[in-house]
Amino acid sequence: MLIVGLAMLGGATALVVGNAVVRAAPQDVSPVSFAKAITLKSPVLYPYSIAAGDLTDNGIPDLAVVGIETTALFHALGEGNGRFGRWSDDGGSGYEPSFVLFADVDRDGNLDAVTNDESQPQVVVSFGNGMGHFPQVETLPSGRGYATQRVAVADLNGDGIPDLVGTSLGVAENSGNIFILLGKGDRKFARAVNISSGGYEPVGIAVADLNHDGIPDLVVANFGTEENGHYGNVAVLLGKGDGVSFDPPVRYPMRKYEDPLGLVLGDFTGDGNLDIAVTNLESNAVHIFLGRGDGTFMPPKSYFVSYEGAGAIAAADFNGDGALDLAIASCDIPKPCHVSILLGNGDGSFQSPVHFHVGVNPIQVVVADFTRDGKPDIATINGGDSTISILLNTTQFPPPHSH
């Protein structure tokens with residue numbers, strides 16, 4: 001997800017390979033389309049994060065929204081048409097939540113909500129009851145540091161119980177922290193274990209098996225600092241199987257002032273190996289690290305997204321051709337703002353972006369099938385005008401088994 005300044009030239013996509021700029025061969029553009037965005041008012045004046053998931057097991061995705069200046073977990077039930085019902089604020093959140101995630105943390109079949117806290121070293125889990133409410137809340141200390149950033153839910157130690165792993169900001173001597181909270185069952189967790197993130201100011205984190213050994217590994221976007229040359233990097237930590245032990249971080253440095261922020265994992269080449277896509281707000285491209293299947297990655301290639309930077313990122317097959325595509329929030333200062341869709345060619349390369357307008361300053365992008373038509377739709381939370389934008393997918397998918 002590293003971003004570099006690029007321009008569109010002659011219908012081809014400009015790439016950056018290492019330090020050399022090359023041209024990608026023009027590709028036949030597969031169609032992708034979305035209806036004009038449905039605009040909803042955010043329940044939070046200054047929203048920061050949005051999550052989508054089915055809270056009531058009726059097959060319709062619902063939404064949750066949090067904002068750093070409101071200590072509350074707002075959620076609304078989907079109506080199946082890209083619109084949502086009344087916002088509720090039961091459940092709990094961090095004091096200053098800037099991130100929310102849906103996951104079944106306690107294995108009861110119901111989605112729970114996990115939030116961070118920008119002001120405290122803790123995460124908050126609100127346990128869902130399957131009826132759209134969160135009657136039980138647990139606050140979990142994250143150990144070292146002073147503010148949590150992002151959280152992922154995965155079974156890190158293979159005991160069948162979900163664990164929590166996330167990033168937190170630390171004091172000077174521990175500037176890059178990962179916290180691990182191993183699940184014990186019955187909504188209980190072990191005391192936090194803290195390890196190095198491999199950099200400074202970690203934000204994005206993802207969990208997956210990168211080297212095919214059956215053990216979850218970690219990928220972290222370290223935003224970095226301008227002090228003492230501690231610039232941003234993407235760090236890979238290979239797991240050892242106990243959930244708390246990892247090999248030393250392998251760092252993939254970014255260029256100066258290119259501070260990685262958002263990341264997503266996906267198999268962009270169809271070779272069975274996971275790849276990494278990274279963005280940052282200081283440049284206007286997405287950086288693709290192709291995986292070798294052994295936990296290491298090739299030097300990144302960079303694809304133009306927008307002239308004024310790229311932020312939140314998600315991956316899905318938006319046009320039904322079997323290749324993963326990317327959706328990236330971007331903005332031309334001060335407007336317009338949009339979600340940029342980069343269609344994947346299936347070989348790890350991407351086509352020129354197609355832009356779809358959303359609200360001002362989209363901070364996060366989530367993907368869900370809001371209309372139950374089998375096509376991935378998009379929702380953004382927009383901090384600049386306190387709105388939510390719903391983009392319903394109108395792409396004509398190819399017939400099944402046609403490729």
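The largest pocket here has a volume of about 1,500 Å³. A pocket, on a 1 Å grid over the protein atoms alone, is an open set of points where a 1.4 Å probe fits, with protein on both sides within 12 Å along at least five of seven lines; lining residues have an atom within 4 Å of a point. The volume is the space filled by probe spheres set on the points. Of the 50 lining residues, Phe 99, Arg 150, Ala 312, Ile 313 and Gln 364 are the closest to the centre. Among the elements that give two or more residues to this lining are S4, S25, S26 and S29.

Before going on, note that this is a predicted model, in which local features need pLDDT of at least 70 and side-chain atom pairs count only at pLDDT 80 or more, while totals for chains, interfaces and linings use all residues. Residues are numbered from 1 along each chain as its sequence is written, and side-chain values use heavy atoms, leaving out hydrogens and water.

Now for the sheets. Strands (E, at least two residues) are DSSP runs numbered from the N terminus, and two of them pair if DSSP finds at least two bridges between them. Here are two open sheets side by side, with twists as average angles (on a scale from 0 to 180 degrees) between axes fitted to C-alpha atoms.

| Strand order | Pairing | Average twist |
|---|---|---|
| S25-S26-S27-S28 | antiparallel | 25° |
| S4-S5-S6 | antiparallel | 15° |

In the four-stranded sheet, S25 (310-316) and S28 (354-358) are at the edges with a single partner strand each, so one side of each has no neighbour in the sheet. Six bridges link S26 (residues 325-331) with S27 (residues 337-342), and Leu 326 faces Leu 342 of S27. In the three-stranded sheet, S4 (47-53) and S6 pair on one side only. S5 and S6 are joined by four bridges, with Leu 63 partnered by Ala 76 in S6.

Leu 63 also appears in the largest nonpolar core, a set of 18 residues in which Ile 50, Leu 63, Phe 84, Phe 370, Ile 388 and Ile 390 touch the most other members. Such a core joins buried Ala, Val, Leu, Ile, Met, Phe, Trp, Tyr and Cys residues through side-chain atoms within 4.5 Å; buried means under 20% relative accessible area (1.4 Å probe, protein chains only). S6 provides the largest share, three residues.

Which residues does Ile 50 contact, leaving aside neighbours within four places in sequence? They include Leu 63, Val 100, Gln 364 and Ile 388, where contact means heavy atoms within 4.5 Å.

Key. Buried < 20%, exposed > 50% of the residue type's maximum accessible area, 1.4 Å probe, protein only.
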